[in-house]
Amino acid sequence: MTAATHSTLFPQVPDSADAVLDGLDPEQREVATALRGPVCVLAGAGTGKTRAITHRIAYGVRAGILQPSSVLAVTFTNRAAGEMRGRLRQLGAAGVQARTFHSAALRQLQYFWPKAIGGSLPRLVDRKIQLVADAAAACRIRLDRGELRDAAAEIEWSKVTQTVPADYALAAAKAGREAPRDPAEIAQLYAAYEDLKRARSVIDFEDVLLLTVAVLQDRQDVADQVRAQYQHFVVDEYQDVSPLQQRLLELWLGDRDDLCVVGDASQTIYSFTGATPDHLLDFRVRHPGATVVKLVRDYRSTPQVVHLANGLLGQARGRAADHRLELVSQRAAGPEPVYAEYADEPAEAEGAARRIRELIDSGVPAAEIAVLFRTNSQSETYEQALADAGVPYQLRGAERFFDRPEVRKAGSALRAAARFGGNDSLLDDVVDLPSQVRAVLSGEGWTTEPPAGSGAVRERWESLAALVGLAQDFAAARAGATLSDLVVELDERAGAQHAPTVQGVTLASLHSAKGLEWDVVFLVGVAEGMMPITYAKTDEQIEEERRLLYVGVTRARERLHLSWALARSPGGRPSRRPSRFLKGLRPGSGTAGGRAAAGGTGGVERGFRGGGGGTEAAVPRRTRRTPARCRVCGRTLTDAGEMKLMRCEGCPSDMDEGVYERLREWRAVQAGRSGQPAFCVFTDKTLMAIAESVPEDERELARIPGVGARKLNRYGADVLAICAGQEGVGLDEDD
Ligand code: ATP
Ligand code: MG
């Protein structure tokens, strides 16, 4: 998996500079050998841009033309930078600096601060929201939590677009920003925020770049020293450069022009933070003598994946789209993309997890599979479904749901509110559980309407919204449930999903998947409201969403699965529609509204096969979930944990403690052997259910939720032996 190239393709360091060029096509070679002057590579996804620049640096170093320490390669994430350093090492060009703009600037700032300013660099604050709140108080502007976050996003945007407070109102109007308040008030707040920072001697994330720019602008001696150090610059993913990063790059460069940029305007996905592909598209204008190379051969994906990617771009509009290049796949044919429609989100996640299980069982390494989603709040459903299917996973770009700071804080707030119960004045007049949760979480930044701010702000809100949704589902499933019950449920969910340490299926947001590739990609939640996301309103915003889907599609080397759910929760109204971006591209989408309604049959899955020729087995298997009932009191169960136990949490357990303990010991040994976390063998709930029903044969064991065919096959004999009281089962070391 991971970006660009398999490390296995580089088993040995090439034995000469020329050997570094082996494995590049003629255009890529042109990039790699154009070591002087401005170079711009405009090319689509998977055409080898990252590979070409890595080889370019390595070739220059190995040929003795570039001094390793004189090269600065800039990428957009720490992971990409780390990967580039690794690849350069494999090509025999260690010692080259590959960094993000931020880390390169921070390093320079720390070094030059004592000389340029005096003293040591002020402390870097990692979250600016408290400072914004204090600034608002100083200005006597009352903002609720949502407005505070939006205001913080406006300040960030202003800073990366180098807009000073006095110019904010005009610039925001020009850029079509939706300010949470009167722009004059935001400008006042922004000015107060800057004053406060200065008074407290702290700097924020954007200041790192701004201050580096300021020092390089004002101090010729510092600029000279930096320019003497770095003479060659390479920028990957240049389409997402912000005006501030561009300014920094210009200052690093001075009046020289040894700059090589690569990018794909069709993958611009950070416009909302102030980034713009104009720098890439206008490179020739700013550097009239530039070597411009276009790459169209797509080495990453099969013709089937590339066909869909080209189709998506074919419908795109705007400046980026005007520069699109039709990709030509260099790979052998593969399966058609698979499209699948599900009744609800948990069913969609279960469906994906089941397919992933099948793929892994058929020999596809878990690390070659990714599930990509639009918002981080979608990850929890997939974390759960994969854990239930015994599939190890890792999160990329997104923290695990229950580890996110806002989710932890929300958990503490709910716990505190549950402890105080009716004595909490906040909850005095609120009786039903969802309203109580909304009341508590509004103190944490939850608002009825989503904020119009940047990605991070939005994602924090989405996390809280996911908790509100969870409370609604929980209350609907358990009449009379209290806040304390919900807290127990949350703890339980958090506990059941301990981060596996093994390599596994990647769960990532589309934004964080940029530059990466996997053999199999599941694009989930490809529905209206998610893709495009509800708050994308203007044409430009819709186009950015389309590009995001294009980024997702082009991450797949061989297999691509696209899915959506008609309702959020089981039994919910099936009001959602598949994404408009797939219209005319997926089978059956040609006629508007021509798709037969799936009709709320709860749990029915539909699978569409891609347009002919696919070898992929689609998922039209229909599974109708029969209502589970508590085996003690007979109540219908809707909570996943209770369904596994096959009884209400509150109903008495008749568990055989001895069997339970032996099962747990056995599970620890199994987990250790396979290098999986214990819950991937069986969850606690499943073990409890086994110890309660003590099955005597396979049929009885198979009835327990969480014991699917695969687990039955693999563990059935051991479990039945433990239930039958046989000693020492599965605990011997040779296996
Ligand atoms: P993205 O736009 O997604 O960042 P990219 O243009 O940077 O993609 P790379 O990641 O460099 O593309 O390359 C895509 C894949 O194609 C990688 O697996 C890479 O090793 C492979 N590849 C690129 N060029 C060649 C080539 N000339 N021969 C064989 N494989 C290649
Ligand atoms: Mg790349």
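I take buried to mean under 20% relative accessible area. The model I am reading is predicted.

**Entry 1: overall make-up**

I looked up the totals before any detail. The protein has 735 residues, and 55% of them count as buried. I find its secondary structure given as 29 helices and 19 strands. I then looked at contacts between residues at least 6 apart in sequence: 76% of these join residues at least 24 apart.

**Entry 2: Glu-147 and Arg-181**

I turned to salt bridges next. The count comes to 36. The pair I opened is Glu-147 with Arg-181, whose closest N and O atoms are 3.2 Å apart. Glu-147 sits in helix H7 (residues 145-160), while Arg-181 sits in the loop between helix H8 (165-174) and helix H9 (183-200), so the salt bridge ties together parts that are 34 residues apart in sequence.

Is Glu-147 buried or exposed? I read a relative accessible area of 19% for Glu-147, and it is buried because the cut-off is under 20%. Arg-181, at 24% relative accessibility, counts as partly exposed.

**Entry 3: two pairs in helix H17**

I stayed with salt bridges and went to helix H17, which covers residues 345-361. Glu-358 forms a salt bridge with Arg-355, and I note 3.5 Å between the closest N and O atoms. These two residues are three apart in the helix, so about one helical turn separates them. Glu-358 is partly exposed at 43% relative accessibility, whereas Arg-355 is buried at 6%.

Which residue forms a salt bridge with Asp-361? The partner is Arg-357, with the closest N and O atoms 3.0 Å apart. I checked their positions: Asp-361 and Arg-357 both lie in H17, four residues apart, about one turn of the helix. Asp-361 has a relative accessible area of 47% and is partly exposed. Arg-357 counts as buried at 12% relative accessibility.

**Entry 4: a network**

I also looked for salt bridges that join up. Lys-159, Glu-194, Lys-197, Asp-204 and Asp-207 are linked in a network.

**Entry 5: helices H5 and H10**

I moved on to helix packing. Two packed helices are described by the angle between their axes and the distance between the axes. I looked up helix H5 (residues 101-116) and helix H10 (residues 205-218): their axes come within 9 Å and cross at roughly 55°. That angle lies outside the ranges for roughly parallel, roughly antiparallel and roughly perpendicular, so H5 and H10 are oblique to each other. H5 passes H10 in a left-handed crossing.

Which residues of H5 meet H10? On the H5 side I list Phe-101, His-102, Ala-105, Leu-106, Gln-108, Leu-109, Trp-113 and Ala-116. On the H10 side they meet Phe-205, Val-208, Leu-209, Leu-211, Thr-212, Val-215 and Leu-216. I sorted the residues of this contact by type and got 12 nonpolar, three polar and no charged.

**Entry 6: helices H19 and H20**

I did the same for helix H19 (residues 405-420) and helix H20 (residues 433-442). They pack at an angle of about 120°, with their axes 10 Å apart. H19 and H20 are therefore oblique to each other. Their crossing is right-handed.

For the contact I wrote down Ala-410, Ala-413, Leu-414 and Ala-417 from H19, which meet Val-437, Val-440 and Leu-441 from H20. The contact residues divide into seven nonpolar, no polar and no charged.

**Entry 7: Pro-392**

Where does Pro-392 lie? I found Pro-392 in the loop between helix H18 (379-388) and strand E13 (393-396). Its relative accessible area is 12%, and Pro-392 is buried. I then took the C-alpha to C-alpha distance from Pro-392 to Ala-367: the two are 9.3 Å apart in space and 25 residues apart in sequence.

**Entry 8: Ser-693**

My last lookup was Ser-693, which is in helix H27 (residues 684-693). Ser-693 is partly exposed, with a relative accessible area of 31%. Ser-693 and Met-655 are 38 residues apart in sequence, and I note 7.5 Å between them in space, C-alpha to C-alpha.

Methods. Residues are numbered from 1 along each chain as its sequence is written. Chains are lettered from A and ligands numbered from 1 in the order in which they are written. This is a predicted model: local features need pLDDT of at least 70, side-chain atom pairs count only at pLDDT 80 or more; totals for chains, interfaces and linings use all residues. Side-chain values use heavy atoms; hydrogens and water are left out. Axes are lines fitted to C-alpha atoms, for helices over the stretch in contact, and angles run from 0 to 180 degrees between N-to-C directions. Angles under 35 degrees count as roughly parallel, over 145 as roughly antiparallel, 65 to 115 as roughly perpendicular and the rest as oblique. A crossing is left-handed if the near helix is turned anticlockwise from the far one by less than a right angle, and right-handed if clockwise. Contact means heavy atoms within 4.5 Å. Ala, Val, Leu, Ile, Met, Phe, Trp, Tyr, Cys and Pro count as nonpolar, Asp, Glu, Lys and Arg as charged, and the others, Gly among them, as polar. A salt bridge is a side-chain nitrogen of Lys or Arg within 4 Å of a carboxyl oxygen of Asp or Glu. Buried means under 20% relative accessible area, exposed over 50%, partly exposed in between (1.4 Å probe, protein chains only).
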